[in-house]
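The following exercises are to be worked through with the sequence and the three-dimensional structure at hand. Each task is followed by a solution in steps.

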Amino acid sequence: VGSESHYSVLFATTTQVQEDPVDEETKERRVRAVFDKRDCSGGGGLVMPEVLPEVLAEMQIQLPDAKINELTGSGVVVWQDLWQAILAQDPAPVTVSTAPPKPREFELIHVNGIEKTNTDPNVSG
């Protein structure tokens, strides 16, 4: 925040203020982000079968062994196939919520950049 005479800073001490609220609409994006971290094709939506268990663990998703064998049978796991398997098990991740988002609370810190406006560093409210 700035003006012609000074700058002020407004910040939080935690990165949680930047996180999306956890809801159904963001689940696919979060699951895809975990998948993409191990993508062996540079963003093409492919992971090696040996990393699928760790991908699923980080996503906190459990699939039946038969489905895992089916996904890994071709020697590579394709994002679209994995996502379809997740949806077949639990279609909730794509449910669109019509409810307004819940308000979130977090602490912000404001630093006024005007020099020597207050010689006492303790602010009382």
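**Exercise 1. A strand residue at the surface**

Task: State in which strand Val 111 lies, determine whether Val 111 is buried, partly exposed or exposed, and name the residues with which Val 111 makes a nonpolar surface patch.

Solution.
Step 1. Val 111 belongs to strand β4, which covers residues 109–112. The model is a predicted one.
Step 2. The relative accessible area of Val 111 is 40%. Buried requires under 20% and exposed requires over 50%, so Val 111 is classed as partly exposed.
Step 3. Val 111, together with Val 9 and Phe 11, makes a nonpolar surface patch of about 220 Å².

**Exercise 2. The overall arrangement**

Task: Describe the secondary structure of the protein and the order of its elements along the sequence. Then state what share of the residues is buried.

Solution.
Step 1. Four helices and four strands make up the secondary structure.
Step 2. Along the sequence, these elements follow the pattern β-α-β-α-α-β-α-β.
Step 3. Of the 125 residues in the protein, 22% are buried.
Step 4. The exposed area of the protein is about 9,400 Å², and carbon and sulfur atoms supply 52% of it.
Step 5. Contacts between residues at least 6 apart in sequence are considered next: 61% of them join residues at least 24 apart.

**Exercise 3. The nonpolar core**

Task: Identify the residues with the most contacts inside the largest nonpolar core, and establish which element gives the largest share of this core.

Solution.
Step 1. The largest nonpolar core has 19 residues, and those with the most contacts inside it are Val 31, Phe 35, Met 59, Ile 61, Leu 63, Leu 82 and Ile 86.
Step 2. Two or more residues of this core come from each of α1 (24–37), α2 (52–59) and α4 (79–89).
Step 3. Helix α4 gives the largest share, six residues.
Step 4. Met 59 serves as an example: leaving out residues up to four places away in sequence, Met 59 touches Val 31, Val 34, Phe 35, Leu 82 and Ile 86.
Step 5. Val 34, in turn, is placed in helix α1. Its relative accessible area is 11%, so Val 34 is buried. Beyond its neighbours within four places in sequence, Val 34 is in contact with Val 55, Glu 58 and Met 59.
Step 6. The C-alpha atoms of Val 34 and Leu 56 are 8.8 Å apart in space, although these residues are 22 apart in sequence.

**Exercise 4. Aromatic rings**

Task: Determine how many aromatic pairs the whole structure contains, and decide whether the rings of Trp 79 and Trp 83 are stacked, tilted or edge-to-face.

Solution.
Step 1. The search of the whole structure yields two aromatic pairs.
Step 2. In the pair of Trp 79 and Trp 83, the ring centres are 5.5 Å apart and the planes differ by 20 degrees. Planes under 30 degrees apart count as stacked, so this pair is stacked.
Step 3. Trp 79 and Trp 83 both lie in helix α4; because they are four residues apart, about one helical turn separates them.
Step 4. Trp 79 is buried at 6% relative accessibility, and Trp 83 is buried at 3%.
Step 5. Phe 35 joins Trp 79 and Trp 83 in one aromatic cluster.

**Exercise 5. Salt bridges**

Task: Give the number of salt bridges, and state how many residues apart Lys 37 and Glu 58 are.

Solution.
Step 1. The count comes to five salt bridges.
Step 2. Lys 37 and Glu 58 form one of them, with their closest N and O atoms 2.5 Å apart. This pair links distant parts of the chain, as Lys 37 lies in helix α1 and Glu 58 in helix α2, 21 residues apart.
Step 3. Lys 37 is exposed at 56% relative accessibility, whereas Glu 58 is partly exposed at 34%.
Step 4. A network of salt bridges links Lys 37, Arg 38, Glu 54 and Glu 58.
Step 5. Another salt bridge joins the side chains of Asp 36 and Arg 32, at 2.7 Å from N to O. Both residues lie in helix α1, four residues apart, which is about one turn of the helix.

How values were computed
Residues numbered from 1 in each chain as written. Predicted model: local features only at pLDDT ≥ 70, side-chain atom pairs only at ≥ 80, totals over all residues. Heavy atoms only, no water. Patch = residues over 30% accessible without salt bridge, like charges linked within 9 Å, V, L, I, M, F, W, Y side chains within 5 Å. Areas by Shrake-Rupley, 256 points an atom, 1.4 Å probe, with all protein chains shown as cover. Salt bridge = Lys/Arg side-chain N within 4 Å of Asp/Glu carboxyl O. Buried < 20%, exposed > 50% of the residue type's maximum accessible area, 1.4 Å probe, protein only. Contact = heavy atoms within 4.5 Å. Core = buried A, V, L, I, M, F, W, Y, C linked by side-chain atoms within 4.5 Å. Phe/Tyr/Trp six-rings, centres within 6.5 Å; stacked < 30°, edge-to-face > 60°.
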